[in-house]
Amino acid sequence: MSHHTPEPASAGASPAPTPDAAAKTRVVILFGGRSGEHGISVATAGGVMSAIDRSKYEVVPIGITPKGQWVIAADEPERWAITDGKAAEVPASAAEVVLPLTVGDAALRVLEPGRVPSALADVDVVFPLLHGPYGEDGTVQGLLELADARYVGSGVLASAVGMDKHFMKMVFAGQGLPIGPYTVIKPGDWERRRDVVLQTVEPLGLPLFVKPARAGSSLGVSRVDSLDDLDAAVEEARRHDPKVIVEAGIAGREIECAVLGGRGGERPRASLPGEILVTDETKNGFYDYEAKYFDEAAVQLSCPADLPEHVIKQVQEIAVRTFEAVSAEGLARVDVFVTPEDQVVVNEINTMPGFTPFSMYPRMWDASGLSYPELIDELIQLALERPTGLR
Ligand SMILES: Nc1ncnc2c1ncn2[C@@H]1O[C@H](COP(=O)(O)OP(=O)(O)O)[C@@H](O)[C@H]1O
Ligand SMILES: [Mg+2]
């Protein structure tokens with residue numbers, strides 16, 4: 001852009017290649033990734049590809065393979081849908097995509113063995129539809145910050161805090177948000193000080209919920225009804241993360257609330273809450289991975305949740321405070337328990353919640369008057385409105 005060409009006095013803008021392409025915002029849909037939630041991310045990308053307003057946005061789909069290779073992916077929503085209970089996977093390719101790390105350079109490049117790198121396109125905004133580690137945890141957000149790229153959703157810190165249930169709880173507690181009792185098993189403690197660990201776990205009572213500190217989609221989460229089963233549950237969680245969190249079971253309804261960043265410095269907006277209704281038939285008695293994605297009879301997403309007006313207000317207020325507590329941006333889903341005494345207890349914040357058209361986050365906005373295509377549009381507009389750099 002440093003090359004200066006004389007311009008006609010009347011026209012401010014330089015001539016565009018085609019009027020159509022110039023008018024559209026180019027959006028990279030970034031999906032797949034290295035985490036256990038690869039398949040869900042792929043399904044989400046299919047949903048977004050089919051719903052995004054094509055008259056306004058030009059889509060550049062970039063997939064990340066389970067091994068971490070960035071590739072150009074097909075712009076075919078059906079290709080990425082869940083079929084017969086199986087999620088699709090981003091296939092490896094000889095042609096890799098690289099993001100420029102130079103500020104002011106927005107051109108994606110394609111690298112192929114034995115070929116000169118070719119510029120793919122100048123990107124206006126990136127929509128990272130990634131869940132779990134290496135996607136939802138601030139790592140990809142850091143890469144995008146280095147590139148000075150605009151992107152949808154939370155920045156580095158909020159993403160990292162939202163991924164780590166240990167630090168998440170410390171931030172929530174620091175902000176006076178209501179959370180339940182818990183203890184953390186750090187790497188090493190389990191091998192070297194198991195007796196001390198057991199002493200911190202016992203006062204939590206039963207049942208317990210044992211979780212990897214940094215995972216999602218209930219991967220590695222177990223409900224423990226007897227201390228005899230604690231060892232196995234910790235080992236299971238440690239398959240996903242060397243840091244494990246053990247929580248006291250909260251008896252209450254599982255309520256979720258969708259939050260959208262505010263426009264132009266306004267406060268974040270909360271949707272009508274939804275409820276996860278788990279039937280008795282789920283194998284493990286809670287909202288586990290299988291129930292979430294593969295067992296349609298097991299769960300019912302009820303939206304809006306049947307709650308008294310004052311509880312809805314309380315859930316929304318706590319959801320917005322939770323969003324603000326971690327400095328989330330763009331979108332986040334706040335999951336809470338509502339006890340029989342109408343106490344709201346925060347379980348977690350998800351900075352990249354499930355985002356297929358059937359997921360709770362879009363459904364809660366739909367019930368609140370914002371359709372799935374409108375929601376995608378709003379998120380991209382929020383990303384374009386926000387400045388790059390420290391903010
Ligand atoms: N402290 C708790 N008390 C009762 N149920 C819990 C508790 N923690 C988790 N659960 C159950 O386990 C599920 C998964 O736990 P969660 O913390 O949401 O992990 P993930 O990040 O994988 O979604 C929840 O949706 C809920 O059904
Ligand atoms: Mg959860």
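**Exercise 1. State how far apart the C-alpha centres of domain 2 and domain 3 lie, and describe the contact between these domains.**

Solution. In this predicted model, 24 Å separates the C-alpha centres of domain 2 and domain 3. The next step is to count the residues that take part: domain 2 contributes 13 residues to the contact, and domain 3 contributes 13 residues. A pair enters this count if the C-beta atoms, placed from the backbone, lie within 7 Å.

On the side of domain 2 that touches domain 3, two or more residues come from each of helix 5 (165-174) and helix 9 (289-293). Helix 5 gives the most to this side, with 3 residues. Sorted by class, this side of domain 2 holds 4 nonpolar, 4 polar and 5 charged residues.

**Exercise 2. Locate the two domains within the domain assignment of the chain.**

Solution. The assignment lists domain 1 (19-151), domain 2 (162-178 + 251-385) and domain 3 (182-248). Domain 2 is thus written as two segments, 162-178 and 251-385.

**Exercise 3. Determine which domains and elements supply the shell around ligand 1, and give its composition by class.**

Solution. Begin with the residues: 17 lie around ligand 1, and those that come nearest are Phe209, Glu247, Ile250, Phe286 and Tyr287. Turning to the elements, strand 9 (208-212) and strand 17 (344-350) each give two or more residues to the shell.

At the level of domains, domain 2 and domain 3 each provide at least three residues to the shell around ligand 1. The final step is the composition: the shell comprises 6 nonpolar, 6 polar and 5 charged residues.

Conventions:
Residues are numbered from 1 along each chain as its sequence is written. Chains are lettered from A and ligands numbered from 1 in the order in which they are written. This is a predicted model: local features need pLDDT of at least 70, side-chain atom pairs count only at pLDDT 80 or more; totals for chains, interfaces and linings use all residues. A residue is near a molecule or strand if its C-beta atom, placed from the backbone, lies within 6 Å of it. Helices (H or I, at least four residues) and strands (E, at least two) are DSSP runs, numbered from the N terminus. Ala, Val, Leu, Ile, Met, Phe, Trp, Tyr, Cys and Pro count as nonpolar, Asp, Glu, Lys and Arg as charged, and the others, Gly among them, as polar. Domain bounds come from an automatic or database domain assignment. Two residues are in contact if their C-beta atoms, placed from the backbone, lie within 7 Å.
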